[in-house]
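Visitor: I would like a close look at a single part of this model, the loop residue with an unusual backbone angle, and then an account of how the helices around the rest of the chain are packed. Please take the residue first and widen the view from there.

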Amino acid sequence: MVKHQPLQVYEKQVFVSFVTGIYGCRWKRYQRSQDDSSKWECTWFVILCSSFLLLLFWAYFWLVAQNDFNEFNWSVYNRSGEWRDETIPILASTTVGFSYITFLMILAFFHISLGQQLNLYWVHKIGVLATLLTTISGVVSVDDIWGDEWDILLVSLQSTAPFLHIGALATVTAISWLVAGYVVRRERSNFQVVVLVTYIIILVAVYLAPLSFNCPCIMDRHGLKPRPDIIGRRGAPMLAPENTMLSFNRALQHGASSLEADVTISADGIPFLMRDRTLRRTTDVSKVFPSRQNEDASFFNWTEIRSLNAGQWFLESDPYWTVDTLTARERSRIGNQTVCSLVEMLRLVSRSNSSALLNIHKPPPEHPRSRNWFMDTLWAVQKAGISQKRVRTVTWTPDTDRGRVRGLQQTANEKLSVEEIRQRGITSLTLHYSKASHKDVQEYLANNVSVTVYPVNEPWLYSILWCSGVPSVSSDAPQVLRKVPYPIWLMSQTAYDFIWISSDLVSLAIVIGIFCFQNYHTIRWRMSGMQNYNPEQIMLSAVTRQTSRDVNIMKEKLIFSELNNGLSSTEELSLYPENGYARYSHGAAEQNAKRSW
């Protein structure tokens, strides 16, 4: 009677079990397979990759859009009539979705590198599909509500492009391990050629991407212009209610050289400061005049307006998440703020020896002061006792109104050619940051046209505008920009070219090394002529992607082939398949044979 020793002794594969268990709920060894993934599972892998790329784009958009969070909430308020911080649920869902999809992507790449069959669990399929649809609906909604904000992506690349290039370079270099494993270790096919060519095209595109970069901060530091002046946009609205005296004082305390305000004309001809069309958001008009809360703010007289509280809303809604940082005394002062008149604001500007930028809302045609609103504004300027040269106003329409206002510096809030600027007699421009390109700014400055860019709340945006030579910026966060004594990053063209070329060469060397390493066994076989391998060994190495059953049969053939060729009594044959360990001890076989005799 002959006793047979087991050919396979399985050892625990904790990491493989973890990867396949989380990704496909295949915790047991018999549930796993090294066969090729089905077309259906490959389709789900493509959907997973698409979801990851879309979420990466979505997360990057909201990262750079922090500069305009208040503008987004204000846009939503104008549509819904209710003030809510809509960025909180968006940021929370984006963080959760991106983390989830990224984790699944990592598990999927581990499957590929370990040779495991992709088999996404049905619960994850529902999660991926829900995340993808939610992100797509978010993109469509933002495009409808806030479509102009997409421009910030191109603007942000002026600051982030060199760093994103390094990240993309590292990513495509790491992916070369998977591409090389797929191309080298399989029998040649047309699809392999397509994969290899596609990868090479992407690799070359990433290598040459810096040729298209337009980064103002890649410049000689000796050519850096003076630090841009900071204009307090509605004061310092992150620290106190916008367009109030407390907000303007805070802006001046944090280094603002000018103040910007929105001017509305009351029914009795008193210019006061209000951004919104109504008084609902920034006052308690719903309590004092509940029947008139949706009425245009300009139809209230000054006595009615002055009776409203303009600070309590700030403490209740906390629009910038800064209320918790305030002291009890500061909260008390904020809670007692009233609507500010233009005269009060200009007197503060005069005392502080600064200047003012006024965005004046023209009253509707049925307004009592619809024909005299510019005279009411001039009256306020004269009453404040400030020099008219220190007051800039946004260009009024129609053009006939502009000719009736003399002495005030006039600015336009639209992009104009130099010829149009001269024809209109405008001395400065106030442009949105998406409209102020480096080339345009240089052209305006060369023709003695001052440029103010708005809104600038983040240090990265302030830095690229500084490098572009912008003389002044309008900001909701003067306390933040005050802490930026120098551009975030600045390097010469020569230094960046060295970093760029060096990074490309290092990446190329790593990619070539990975392909050579993955092809190591094939090269060794060709150099040695494969003289020391029997046919079963060659077949076993060549069919690593065949079905598990065929691989096991070849392993058994190899074992008995080695036994027939004759191994020494102390020699041990060990095969290490990916699903376990197949071991055979020749010495142990002889001992068992002796016992059977």
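Guide: The residue to begin with is N243, which is placed in the loop between β2 (229-233) and α8 (245-253). The model is a predicted one, and what follows should be read with that in mind. Although N243 is not a glycine, its phi is positive, at about 60 degrees. Most residues other than glycine have a negative phi. N243 counts as buried because its relative accessibility is 3%, where buried means under 20%.

A second loop residue, W321, also has a positive phi, near 60 degrees, and is likewise not a glycine. W321 lies in the loop between α11 (312-317) and α12 (328-335), and with a relative accessibility of 46% it counts as partly exposed. A further positive phi, near 55 degrees, belongs to C25, the residue that follows α1.

A third loop residue brings distant parts of the chain into the picture. R482 lies in the loop between α19 (478-481) and α20, and its relative accessible area of 49% makes R482 partly exposed. The C-alpha atom of R482 is separated by 6.5 Å from that of G255, although the two residues are 227 apart along the chain. Once neighbours within four places in sequence are left aside, the contacts of R482 are with R227, I230, Q253 and H254. Of these, I230 falls within the residue range of β2 and Q253 within that of α8, the two elements on either side of the loop that holds N243.

From that loop the view moves on to α20 itself, whose residues are 493-518, and to its packing against α6, residues 151-184. The axes of α6 and α20 come within 8 Å and cross at roughly 15 degrees, and the two helices are therefore roughly parallel to each other. The crossing in which α6 passes α20 is right-handed. On the side of α6 the contact is made by P162, H165, I166, L169, T173, S176, W177, V179, A180, G181 and V184, and on the side of α20 by Y496, W500, S503, D504, S507, I510, V511, I514, F515, F517 and Q518. Sorted by class, the residues of this contact are 14 nonpolar, seven polar and one charged.

Helix α6 also packs against α2, with the axes 10 Å apart and at an angle of about 105 degrees, and α2 and α6 are therefore roughly perpendicular to each other. Here α2 contributes F57, Y60, F61 and V64, while α6 contributes I152, L153, S156, L157, T160 and L164. The contact of α2 with α6 has eight nonpolar and two polar residues, and no charged ones.

Another residue in contact with the range of α2 is T135, which lies in helix α5. T135 is buried, with a relative accessible area of 6%. Apart from neighbours within four places in sequence, T135 is in contact with L54, L55 and W58.

Both α2 (39-64) and α5 (122-145), together with α4 (87-114), are among the elements that cover the buried residues of α1. Those buried residues of α1, a helix of residues 14-24, are V16, S17, V19, T20, G21, Y23 and G24. With α4 in particular, α1 packs at an angle of about 130 degrees, the axes lying 10 Å apart, and that angle makes α1 oblique to α4. The crossing of α1 and α4 is left-handed. F15, V16, V19, T20, I22 and Y23 of α1 meet F103, L104, L107, A108, F110, H111 and L114 of α4 in this contact, which by class holds eleven nonpolar and two polar residues and no charged ones.

As a setting for these details, the protein has 24 helices and twelve strands, and 47% of its 597 residues count as buried. Among the contacts between residues at least 6 apart in sequence, 66% join residues at least 24 apart. The accessible surface of the protein comes to about 30,700 Å², and 58% of that surface belongs to carbon and sulfur atoms.

Technical notes: Residues are numbered from 1 along each chain as its sequence is written. This is a predicted model: local features need pLDDT of at least 70, side-chain atom pairs count only at pLDDT 80 or more; totals for chains, interfaces and linings use all residues. Side-chain values use heavy atoms; hydrogens and water are left out. Axes are lines fitted to C-alpha atoms, for helices over the stretch in contact, and angles run from 0 to 180 degrees between N-to-C directions. Helices (H or I, at least four residues) and strands (E, at least two) are DSSP runs, numbered from the N terminus. Angles under 35 degrees count as roughly parallel, over 145 as roughly antiparallel, 65 to 115 as roughly perpendicular and the rest as oblique. A crossing is left-handed if the near helix is turned anticlockwise from the far one by less than a right angle, and right-handed if clockwise. Contact means heavy atoms within 4.5 Å. Ala, Val, Leu, Ile, Met, Phe, Trp, Tyr, Cys and Pro count as nonpolar, Asp, Glu, Lys and Arg as charged, and the others, Gly among them, as polar. Buried means under 20% relative accessible area, exposed over 50%, partly exposed in between (1.4 Å probe, protein chains only). Accessible areas come from the Shrake-Rupley method with a 1.4 Å probe; for residues, only the protein chains shown count as cover.
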